[in-house]
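Ever wondered how the labels on a protein model get decided? Let's go through some of them as questions and answers.

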Amino acid sequence: MPGMNLTKQEAAERFATVSHARYAIDLDFSGSGRTFRSDTTVEFDATPGASTFIEAAWADIDVIELNGEALDPALHTDGRIPLEDLQEHNTLRVAGDFGYRNDGQGIHRFVDPADGEVYLYSQFAANDTRAAFACFDQPDIKGEFTFTVTVPEHWVVVSNSPTPEPEALEEGLARWAFGPTVPIPSYGAAVVAGPYAYHEGLLHGADGDIPARVYGRPSLEQHFDGDRVLEDTQAGLELYESVFQTPYPYEKYDQIYVPQYNLGAMENIGCVTISEDRLLFRGRPTAAELEFRTVVVLHELAHMWFGNLVTMKWWDDLWLNESFAEFIGTWAAAEVSEWKDAWVTFAADRKSVAYVQDQLPTTHAIVTEVPDTEATVSAFDMITYAKGASALKQLAQFVGEDAFFGGVASYLQRYHHGNATLAEFLAEVESAAERRLDGWAEVWLETPGVTTLRPIIATDDAGALTRLAVAEDVPVEHPVHRPHGVEIAGYELSEGTFERSWTVSATLDGPLTEVPEAVGHARPALLLVNDRDLTYAKLHLDELSLANLEAHIAHVDDAMAQATVLDALWHMTRDGSLAAQRYIDAVLSVAPRLLNSATAESHLALMVIALRRYLAPEHVAEITEAAAERLWLAVGEAEPGSDIQLQLLKGYAQVASTTEQGLRLRALVEGTAEIAGLDIDSDLTWDLLGGLAAAGGIDLEEVDHYASLDVSAAGQRRAAGVRAAIATPEAKQAAWDALVRPADGPAINAVQFQMAAGLARAVDPALLAPLVDDLLGSLREYYDANAGFVGVRVARLVLPVNLVGRVDGLAGRLEQWLADNDDAPSVLRKVVVEGLDHVRRAQIAQTTSRMAAAS
Ligand SMILES: [Zn+2]
């Protein structure tokens, strides 16, 4: 449907025609059916005589009135209503029945399986505001939104404007009439409605107090952790108001845990939605999870300035929102929260993923072409977030933090409540820094690809460095050098422990940069050319460093150094230059001593990928079993109650493969065995059951039994994942059938994610071989019924790339799929193109693994 996909060109033409939109939106959520009533009057200015259109999607429109004249509702086709012969000032009314969604977009309707209560929330980004009411759904036609919402009287309603007192209506209903917003982008409007509970709070801003509540479902109220969320928010608010030199720009700040959410959170103006599934913890969270919530809280708060107060003009400047929020959120966490290691977490997790994505054939520049709204789904990736944040970190270092934040402050002041572009942002930083940045922007922001930093070392007879240079190897597809501000450090082994013995700062620029300051130092046991992880580049370790590291990795005792070396080994494995078994061994050796929770979580998860994809298949069973044994020992030796103990047990559940290993999980779940310091709470129970299923130790009937003991939404969702993880071809087929051939329309987003992840999970990837024909044959059919975020995420999960080396010609079959589906949606083709690249990479890595095992 071409009308559903707004192009950049169409948006530019409409921007030239339409301005000053003021919406009065009346939503009626009082019914029990699959639709709600939406009645919108929008006043807007236009070029007299011009024509344009307005969007309304997932809707049955029955009223269209333009400037007092009734138009034929049949004009509404493909999500658009044409508007012709406009006047200077126009009044348009559009009313109809709009559909509730269960894919986490538009107005998502959640029904609590425990008590049947309904909870609604909006998710309008990138362009689903049109799925709730008629609007000009593009970021640069900012509007003033006035919501009136009718709901059952026991509900509450939260939106962008301060929450009013409800007005009681007849028949057990109530109406909530909100005041108008200031100009905001359509994707930042929001409505949340249902019998939500809240934790009352107040923030103290530069211009006075700001009402701030933390909402969520009442059955989870004891887990809101509202005081801590508000503490993080207050700390961020003070920091941002100070460095941005701009007071918080809105009247209140609510944060709402919402169920079945696709993202971590969304920065709706004054009405932030946060994933209940990921960030509201029923059981004991890991430190990595708690830290992630803090960073998310700070990230979304930063968006109130970046993205909301000043908005990108079009989605190709999404980085102006996301790279900024990512950079500032991480920086703020390190500055003002308890998570002083936030940059370590960033390096171990999101930045490492950015390196992966940046080497795919589908990679893009941080500032990327987004030709239409369909392509925005792909723009929300770790290149936009984490590479962009890394580039901004380099920019702040390049021009100095004072100049950087000075430029940021004047940018926010100049484009207050407006829109801006990359050039406009850079102009402000340039004038604050008094230097040109176009060269910097070109290589960092406008060119894709990750480069590799490689040390070149010469020593004299006494072992002192006579030369240190750093080569920057560029990928052939994107042969561009970038300036890198780095710290280079030499570590010595002192009583078995690596200690940093010297550090030099350098600016690397070009194919080869000499570092004369290092000459004269003893050749270190371990040389890191991106110590403290200041820049964005892959690291190549020299042979001596690699040998020392592998022999003594357990004795790297700096959190950032641990993350840096593990990341280097991981990427060497992916590149086929290090056998997967060596990376796996390194992870297992250092895991019990990891100082940062996210480093543990990331590398225990990446180790699973290495086991199933990069190891030569003939060695998988033996090495997987041994890995699980080492983890089990480590769990037993870990300090009771420590975070690493919990991470190691979760890691064990991911790799347990034999009957005996499964029985240990069963004993913990059934309470016939205990581990001191570990309480097997409901979420951990599901983690362990997932491991038991993958190890072949549980059947469907028993999963149903556990599901009956946990009738919460989380329990039902997790049960779906465990059923799909059962290690039989029948269970895998049933999971795919439930995704692609559902009896009653597509399953709920959150359940689909669990089913897809469970389906893909197999300690022996060959288990999926019988499904490969059906998976590839019906992938398109699946996507057509689940287009957008959910479809992309599920397609990525189920694409059977781990079958590489287990079925003949997997790469050829993916190539054939691409040839047969050249008219498929671009985002689905992208998933398969990337899968093909993963397969080819894995073929090389498996060869490396095989040769190392033979030698
Ligand atoms: Zn964001």
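What follows is a chat about a predicted model, taking one label at a time.

Q: What makes the arrangement around the zinc ion irregular?
A: Start with the donors: His299 (NE2), His303 (NE2), Glu322 (OE) and Glu322 (OE), which lie 2.1 to 2.8 Å from the zinc ion. The 4 donor atoms subtend angles of 51 to 149°. To be called tetrahedral, four donors need all angles between 85 and 135 degrees, and a range of 51 to 149° doesn't fit that, so the arrangement counts as irregular.

Q: How are the donor residues of the zinc ion spaced in sequence?
A: The pattern is H-x3-H-x18-E. It links distant parts of the chain: His299 sits in helix H4 (residues 287-303) and Glu322 in helix H5 (residues 318-336), 23 residues apart.

Q: Are His299 and Glu322 buried or exposed, and how do you know?
A: The cut-off for buried is under 20% relative accessible area. His299 comes in at 8%, so it's buried. Glu322 has 4%, so it's buried too.

Q: What makes H24 and H25 roughly antiparallel or roughly parallel?
A: Two packed helices are described by the angle between their axes and the distance between the axes. Helix H24 (residues 772-785) and helix H25 (residues 789-798) pack at about 170°, and their axes are 10 Å apart. Anything over 145 degrees counts as roughly antiparallel, so that's the label H24 gets relative to H25.

Q: Which residues of H24 and H25 meet?
A: From H24 you have Leu775, Leu779, Tyr782 and Tyr783; from H25, Val790, Gly791, Val792, Val794, Ala795 and Val798. Sorted by class, that contact has 9 nonpolar residues, 1 polar one and no charged ones.

Q: Why is Pro511 called buried or exposed?
A: Exposed means over 50% relative accessible area. Pro511 has 52%, so it's exposed. You'll find Pro511 in the loop between strand S27 (497-508) and strand S28 (512-514). Leaving out residues up to four places away in sequence, Pro511 touches Val470, Ala471, Glu472 and His481. As for Pro455, it's 56 residues from Pro511 in sequence and 12 Å away in space, C-alpha to C-alpha.

Q: How do you know whether Phe133 is buried or exposed?
A: Its relative accessibility is 0%, and under 20% is what buried takes, so Phe133 is buried. Phe133 lies in the loop between S9 and S10. Skipping neighbours within four places in sequence, its contacts include Tyr23, Ile25, Phe98, Phe124, Phe145 and Phe147. The C-alpha atoms of Phe133 and Leu27 are separated by 8.4 Å, with their places 106 residues apart along the chain.

Q: What is notable about the peptide bond that joins Ala125 and Ala126?
A: That peptide bond is cis, with an omega of about 0°. Most peptide bonds are trans. Ala126 is in the loop between strand S9 (118-123) and strand S10 (143-152).

Q: What stands out about phi at His417 and Asp533?
A: Most residues other than glycine have a negative phi. His417 isn't a glycine, yet has a positive phi of about 60°. Asp533 isn't one either, and its phi is positive at about 50°.

Q: Where do His417 and Asp533 lie?
A: His417 is in the loop between helix H9 (401-414) and strand S23 (419-420). Asp533 is in the loop between strand S29 (526-531) and strand S30 (538-539).

Q: Why does His417 get its accessibility label, and why does Asp533 get its own?
A: His417 is at 22%, and partly exposed covers what falls between under 20% and over 50%, so His417 is partly exposed. Asp533 has 7%, under the 20% cut-off, so Asp533 is buried.

Q: What makes Asn821 buried or exposed?
A: Asn821 has 11% relative accessibility, under 20%, so it's buried. Asn821 lies in the loop between helix H26 (810-820) and helix H27 (826-854). Not counting residues up to four places away in sequence, Asn821 touches Arg780 and Arg829.

Note on methods
Residues are numbered from 1 along each chain as its sequence is written. This is a predicted model: local features need pLDDT of at least 70, side-chain atom pairs count only at pLDDT 80 or more; totals for chains, interfaces and linings use all residues. Side-chain values use heavy atoms; hydrogens and water are left out. Axes are lines fitted to C-alpha atoms, for helices over the stretch in contact, and angles run from 0 to 180 degrees between N-to-C directions. Helices (H or I, at least four residues) and strands (E, at least two) are DSSP runs, numbered from the N terminus. Angles under 35 degrees count as roughly parallel, over 145 as roughly antiparallel, 65 to 115 as roughly perpendicular and the rest as oblique. Contact means heavy atoms within 4.5 Å. Ala, Val, Leu, Ile, Met, Phe, Trp, Tyr, Cys and Pro count as nonpolar, Asp, Glu, Lys and Arg as charged, and the others, Gly among them, as polar. Donors are N, O and S atoms within 2.8 Å of the metal (3.2 Å for Na, K and Ca); water is not among the atoms, so sites may look incomplete. Four donors count as tetrahedral if all angles lie between 85 and 135 degrees; four count as square planar and six as octahedral if opposite donors are over 155 degrees apart and all others between 65 and 115; anything else is irregular. Buried means under 20% relative accessible area, exposed over 50%, partly exposed in between (1.4 Å probe, protein chains only).
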